[in-house]
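Student: Before we begin, could you place the sequence and the model side by side, so that we can work through them together?

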Amino acid sequence: MQRFQIELRRSNATHAFLNTSDLDTEGTYGCEVSTEVPSFRTIKAGKELRVHVIPKEGPRIYGVQKTYRIGDMVNMTCLFGPSKPPAHITWYINGEEAPTSYVFHSQPSSEEEDGLLISESRLNFALEPPRLWQGSLSVRCLASLSQVHATSSLELIVGEGTSGAEFQRILHVPPGQEGPVITGGLPRYYVGDIVDVNCSSARSLDLPRLEWHVNDEIVRAEFLTPYPPTRYPDGLSSTKLGLRFRVLPEHLRGDEIRLKCTATLSYVITRTSPETILMGDNHRSSSFHTSDRSGTAVTQVLSPSLYWLLILMCLIKRTVS
């Protein structure tokens, strides 16, 4: 707690008030309640707080040459950031997503110690006539960042209670929302037993991302079974994620197993770059010339159809002569 300050005057046994937030504020905040004799049980609850940094400016394209010729390699780089989380960059050529063989993504890099990341992607392809549309070609890149806006979870504690084997269900849900539902659990597990449970999200307009935790540790994909989403007549949807594993000695913590399913809803923020346009003209040349205009790079090239039309006219003129 040394990295940030809690305002004690506005905090109490059940609430903690932070007077500011920055990158150091991010983390998991938890509390626990312990009972005394005869059960000596502890109930824990946690909530993850995330801090996002979204740049005001969009991505920029670098590496545009002043002159190109048909057959030259177009090699452009799109940079975005620094940001948190890193962005996913998508390239578009003439309004359509660029083929994956043209795109080369780099690992996000950090230039400062603040943990913010710069996202980088490179577009590389040969400039050929089929790529031109009406003698021109446009290129742009789009940076997408996902921000979490709602997280809910249900924790299932399986173990011995005061009256024998029992479940404890601990629901962590924001006000006014419904949380996920866990089905298929047994009231008691022993080493060698198979845990086979399902987590279903509440119905919503957007599908949440489901995640399983066993004893507060995230479960690997090999133990998960994803199911296709369920669509309802009212336009809402829900999703389901299965969990199946064999109980090992390390899974039992004080004769208990904690199974938690978390549903996370997020929305995507996008930023787009200025468009790089390769425009055809009427010059008798197969070369490109680049100029900047209002932040848009404009590269000119002779339209291929016009190029062949000129050759045909020359042949006709020579035949007539």
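**Strands, backbone and salt bridges**

Tutor: Let us start with a proline: Pro82 is found in strand 4, which covers residues 73–83. Please keep in mind throughout that this is a predicted model.

Student: What is the omega of the peptide bond from Gly81 to Pro82?

Tutor: Pro82 belongs to strand 4, and the peptide bond that leads into Pro82 from Gly81 is cis. For this bond, omega is near 5°.

Student: A cis peptide bond also joins Lys84 and Pro85; where does Pro85 lie?

Tutor: The bond between Lys84 and Pro85 has an omega of about 5°. Pro85, for its part, is placed in the loop between strand 4 and strand 5 (88–93).

Student: In which order do the 4 strands of the open sheet follow one another?

Tutor: The pairing in this open sheet is antiparallel, and its edge strands, each of which pairs on one side only, are strand 11 (181–183) and strand 15 (224–226). From one strand to the next, the twist averages 20°. Read across the sheet, the order is 11-12-18-15.

Student: Over how many bridges do strand 12 and strand 18 pair?

Tutor: Strand 12 comprises residues 194–200 and strand 18 residues 240–246, and the two run in the antiparallel sense. Within this pairing, Ile194 stands opposite Arg246 of strand 18. The number of bridges between strand 12 and strand 18 is 7.

Student: How many residues apart are Arg244 and Asp196, which form a salt bridge?

Tutor: The closest N and O atoms of Arg244 and Asp196 are 3.1 Å apart. Arg244 sits in strand 18 and Asp196 in strand 12, so that the pair links distant parts of the chain, and the relative accessibility is 47% for Arg244 and 41% for Asp196. Along the chain, the separation of Arg244 and Asp196 is 48 residues.

Student: Why does the pair of Arg203 and Asp234 tie together parts that are apart in sequence?

Tutor: The side chains of Arg203 and Asp234 meet in a salt bridge, with 3.5 Å from N to O. Because Arg203 lies in the loop between strand 12 and strand 13, whereas Asp234 lies in the loop between strand 16 (230–231) and strand 17 (237–238), the pair ties together parts whose separation in sequence is 31 residues.

Student: Are Arg220 and Glu222, whose side chains meet in a salt bridge, buried or exposed?

Tutor: In this salt bridge the N to O distance is 2.9 Å. The cut-off for exposed is over 50% relative accessible area; Arg220 has 51% and Glu222 has 60%. Arg220 and Glu222 therefore both count as exposed.

Student: How many salt bridges does a search of the whole structure find?

Tutor: Among them are the pair of Arg244 and Asp196, the pair of Arg203 and Asp234, and the pair of Arg220 and Glu222. For the whole structure, the search finds a total of 5.

Student: Phi is positive in Asn215 and in Asp216; which relative accessible area does Asn215 have?

Tutor: Phi is near 55° in Asn215 and near 70° in Asp216, and the loop between strand 13 (209–214) and strand 14 (217–218) holds Asn215 as well as Asp216. Asp216 counts as partly exposed at 48% relative accessibility. Asn215, in contrast, is buried, and its relative accessible area is 7%.

Definitions and conventions. Residues numbered from 1 in each chain as written. Predicted model: local features only at pLDDT ≥ 70, side-chain atom pairs only at ≥ 80, totals over all residues. Heavy atoms only, no water. Pairing = 2+ DSSP bridges. Axes fitted to C-alpha atoms, helices over the stretch in contact; angles between N-to-C directions. Buried < 20%, exposed > 50% of the residue type's maximum accessible area, 1.4 Å probe, protein only. Salt bridge = Lys/Arg side-chain N within 4 Å of Asp/Glu carboxyl O.
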